[in-house]
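Terms such as buried, paired or in contact each rest on a rule. The questions below ask how each term is earned here.

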Amino acid sequence: MKYIGTQREHDAIEWAKNVLNIEGPTGFCRALSAVDDAGEFVFVVVLSNFTETNVDMHTAARPGAQWATPRSALEMFRGVFGYAFDHFQVQRVTGLVRAKNTAARHFDEHIGFQLEGVMRRAFKDDDLCVYGFLREDYDQHKWNCRSK
């Protein structure tokens with residue numbers, strides 16, 4: 001991995017929107033990205049819809065990308081949640097995932113998000129799962145060096 005950080009933030013947001021095939025998020029967004037040695041995005045996390053206590057998280061990855069070595073995954077986890085909780089001082093990060101997107105649901109659950117509810121028929125052909133990751137979840141997470 002060449003870097004994980006906020007460089008080329010605008011490009012990272014546009015890349016994530018293309019991978020996810022969505023027009024949003026729009027407005028104020030922040031992004032952290034993982035870039036390979038060739039300078040290509042392999043993973044982008046976009047934070048949007050900021051409120052005093054919450055931010056929404058969107059993730060996009062290059063299909064089939066095998067970038068997430070344990071060290072890279074740990075660095076990305078600490079970067080994203082440290083950015084949300086320490087820099088922006090929110091109390092929670094929300095993940096919204098289509099119910100049929102089992103890979104994304106598994107990813108969210110694997111890193112510690114809790115399924116909080118399902119919005120039935122949020123899409124023509126699918127439900128929407130609402131996941132939450134709270135400040136205290138981050139503070140106590142095994143991957144957070146502060147929890148030791």
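Q: Why is G132 called buried?
A: In this predicted model, G132 has a relative accessible area of 2%. Buried means under 20%. The value falls under that limit, so G132 counts as buried.

Q: Where is G132 placed?
A: G132 is in strand β7, which covers residues 126–134.

Q: Which residues is G132 in contact with, leaving aside its neighbours within four places in sequence?
A: They are R92, V93, G112, F113, Q114, E116 and D137. Contact here means heavy atoms within 4.5 Å. Another pair concerns T94: its C-alpha atom is 4.7 Å from that of G132, though the two residues are 38 apart along the chain.

Q: What makes β5 and β7 a pair?
A: Two strands pair if at least two bridges are found between them. Strand β5, residues 92–98, is joined to β7 by 7 bridges, so the two count as paired. They run antiparallel. One position to look at is R92, which stands opposite L134 in β7.

Q: How many strands form the sheet, and in which order?
A: There are 7 strands, in the order β1-β2-β3-β4-β5-β7-β6. The sheet is open and its pairing is mixed.

Q: What makes β1 and β6 stand at the edges?
A: β1 (3–5) and β6 (114–123) each have a single partner strand, so one side of each is left without a neighbour in the sheet. From one strand to the next, the twist averages 25°.

Q: How do you know that β2 and β3 pair?
A: The rule asks for at least two bridges. Between β2 and β3 there are 7, so the rule is met. The two strands run antiparallel. V35 stands opposite F41 in β3. The hairpin of β2 and β3 has 5 residues between the strands, and G39 there takes a positive phi near 85°.

Q: What makes β3 and β4 a pair?
A: They are joined by 6 bridges, against the at least two required, so they count as paired. Their direction is antiparallel. In β4, A61 is the bridge partner of F43. These strands also form a hairpin, with 5 residues between them. N49 in that turn has a positive phi of about 55°.

Q: Why is β3 called mostly covered?
A: Of its 8 residues, 8 are buried.

Q: How do you know that the span of α1 is close to what is expected?
A: Helix α1 runs over residues 9–20 and has 12 residues. The expected span is 1.5 Å times one less than that number of residues, which gives 16 Å. From its first C-alpha to its last, α1 reaches 16 Å, so the two agree closely. Just after α1, N21 takes a positive phi of about 55°.

Q: Which residues of α1 are buried, and what do they pack against?
A: E9, A12, I13, W15, A16 and K17 are buried. The buried residues of α1 pack against β2 (29–35), β3 (41–48), β4 (54–61) and α2 (70–87).

Q: Which strands do α1 and α2 lie across?
A: α1 lies across β2, β3 and β4, at about 100° to β3. α2 lies across β1, β2, β3, β4, β5 and β7, at about 170° to β2.

Q: Why is D36 called buried?
A: The relative accessible area of D36 is 17%, and the limit is under 20%, so D36 counts as buried. D36 lies in the loop between β2 and β3.

Q: What makes the reach of D36 to A38 and E40 a polar contact?
A: The distance limit is within 3.5 Å. The side chain of D36 reaches the backbone nitrogen of A38 at 3.0 Å. The same side chain reaches the backbone nitrogen of E40 at 2.8 Å. Both distances are within the limit.

Q: Why does D108 count as buried?
A: D108 has 5% relative accessibility, which is under 20%, so the term applies. D108 lies in helix α3, residues 102–110. Not counting residues up to four places away in sequence, D108 touches G95, V97, F113 and Y131.

Q: How many disulfides are found?
A: A search of the whole structure finds 0. A disulfide would need a pair of cysteine sulfur atoms within 2.5 Å. Two residues here, C29 and C129, are buried, because their relative accessible areas are 10% and 1%.

Technical notes
Residues are numbered from 1 along each chain as its sequence is written. This is a predicted model: local features need pLDDT of at least 70, side-chain atom pairs count only at pLDDT 80 or more; totals for chains, interfaces and linings use all residues. Side-chain values use heavy atoms; hydrogens and water are left out. Helices (H or I, at least four residues) and strands (E, at least two) are DSSP runs, numbered from the N terminus. Buried means under 20% relative accessible area, exposed over 50%, partly exposed in between (1.4 Å probe, protein chains only). Axes are lines fitted to C-alpha atoms, for helices over the stretch in contact, and angles run from 0 to 180 degrees between N-to-C directions. A polar contact is a pair of N or O atoms within 3.5 Å; within protein, one must be able to donate a hydrogen and the other to accept it, and residues adjacent in sequence count only if both atoms are side-chain atoms.
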